[in-house]
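Reader: I've just opened this one and would like a plain tour of it. Please start with any term I'll need.

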Amino acid sequence: MTLLSRLNRNIREHNWFAVCVEFVIVVIGVAVGFQLTQGYDRARLEARETSYLTGMATDFSIYQSLLICRIETEGEIARGLDHVITAIGGTELSAEEQARAYYALTLAHAVQPGLPLEGNLQALVLGDLVETIRDDTLRGRILQAQSTASVNVAAVEQINAMIIGAARFDAYLERARTANSGEFYTVIGFDDAAMADAPGVRDLLMNLANYHRAIAGTVESQLSAVTGVLNQLDVLGARDPGASEPSCLYGAPPTRDID
């Protein structure tokens, strides 16, 4: 005989003690079932949150390294262009400064897109699942990183448009094809005297240096937001803190360590 059948019979027979007992059993059963369901849902959400946090720890570590690379490269280009300006002003460059100048002239008109934050972060934001993250600080930093990335990608695109639209000085450069690099050429010399005599070249170099510094500054703000997320993940124990300072995945630009 089912519980409900017994309860119905006891009501007809006015067996109120049995009715109360059966009613308590029903209430307890419902409460236990509700708690089990809540526990299952909570465990499922916690597992999903852990999966997202683990994924973001990996994603953001890669983003951090890529952004560090970008800042170092843009900074090297700007410094190298400063050396070119010095050279066309009549000052002889050291071998190290000349190497930095060649590096900058090779990449001065090269553009790289801004770095959008995708992967697990995109799944959280586009899927409206940010509330899955229970830690308020981390949730705020995630949203800040996403917002900063969106703004910076647009800003870098604008600066890149300026770089692409800037006049070129190819006529004053000596180039050589890099081994096994297809159509890529590297600068191995420049005619500083001709550049000094050419109208507008100095201003062009200064503008290009400022453009690349602007990109470096823009990327630094994004790096700060990404690092903030990683720091909070460390606090929460969602990743193992790095044993050393984060650095560029691909190594430093070849001129970075020049004094």
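Author: Contact means that heavy atoms come within 4.5 Å of each other. What you have is a predicted model, where local features need pLDDT of at least 70 and side-chain atom pairs count only at pLDDT 80 or more, while totals for chains, interfaces and linings use all residues. Residues are numbered from 1 along each chain as its sequence is written, and side-chain values use heavy atoms, with hydrogens and water left out.

Reader: OK, take the contacts in the protein chain with a separation of 6 or more: what percentage comes from residues 24 or more positions apart?

Author: That tally skips pairs with a separation below 6. Within it, the share that belongs to residues 24 or more positions apart is 77%.

Reader: In what order do the elements of the protein chain run from the N terminus?

Author: Helices (H or I, at least four residues) and strands (E, at least two) are DSSP runs, numbered from the N terminus. The protein chain has seven helices and two strands. Read from the N terminus, the order is α-α-α-α-α-β-β-α-α.

Reader: How much of the protein chain counts as buried?

Author: Buried here means under 20% relative accessible area, exposed means over 50%, and partly exposed is in between (1.4 Å probe, protein chains only). By that cut, the buried part of the 259 residues is 37%.

Reader: Which element gives the most to the largest nonpolar core?

Author: A nonpolar core is a set of buried Ala, Val, Leu, Ile, Met, Phe, Trp, Tyr and Cys residues joined through side-chain atoms within 4.5 Å. This one holds 55 residues, and Phe60, Leu81, Leu105, Phe169, Phe190 and Leu205 touch the most other members. Two or more residues each come from helix 2, helix 3 (95-107), helix 4 (119-126), helix 5, strand 2 (185-190) and helix 7. With 16 residues, the top giver is helix 2.

Reader: Why would those side chains gather like that?

Author: As a general matter, in soluble globular proteins nonpolar side chains tend to be buried together. For a case here, leave aside neighbours within four places in sequence: Phe169 is then in contact with Leu105, Ala108, His109, Met195, Leu204, Leu205 and Leu208.

Reader: What kind of aromatic pair do Phe60 and Tyr63 make?

Author: Rings of Phe, Tyr and Trp (its six-membered ring) pair if their centres lie within 6.5 Å, and planes under 30 degrees apart count as stacked, over 60 as edge-to-face and the rest as tilted. The count by this rule is two aromatic pairs. Since the rings of Phe60 and Tyr63 sit 5.5 Å apart at their centres with planes at 65 degrees, this pair is edge-to-face.

Reader: Are those two buried or exposed?

Author: Both lie in helix 2, three residues apart, about one turn of the helix. Phe60 has a relative accessible area of 0%, so Phe60 is buried. Tyr63 has 9%, so Tyr63 is also buried.

Reader: And how far along the chain are the partners Tyr102 and Phe190 from each other?

Author: Tyr102 and Phe190 form an edge-to-face pair, 6.1 Å centre to centre with 80 degrees between the planes. Both are buried. Tyr102 is in helix 3 and Phe190 in strand 2, so the pair links distant parts of the chain, with a gap of 88 residues.

Reader: Which element supplies the largest share of the lining of the largest pocket?

Author: On a 1 Å grid over the protein atoms alone, a pocket is an open set of points where a 1.4 Å probe fits, with protein on both sides within 12 Å along at least five of seven lines; lining residues have an atom within 4 Å of a point. The lining has 22 residues, and Leu66, Cys69, Arg70, Thr73 and Gln112 lie nearest the centre. Two or more residues each come from helix 2 (16-88), helix 5 (136-165) and helix 7 (201-235). The largest share, six residues, belongs to helix 2.

Reader: Which residues does Val229 contact, leaving aside neighbours within four places in sequence?

Author: Val229 lies in helix 7 and is buried, with a relative accessible area of 0%. The C-alpha atoms of Val229 and Arg141 are separated by 5.6 Å, though the two are 88 residues apart along the chain. The contacts are Phe60, Leu138, Arg141, Ile142 and Ala145.
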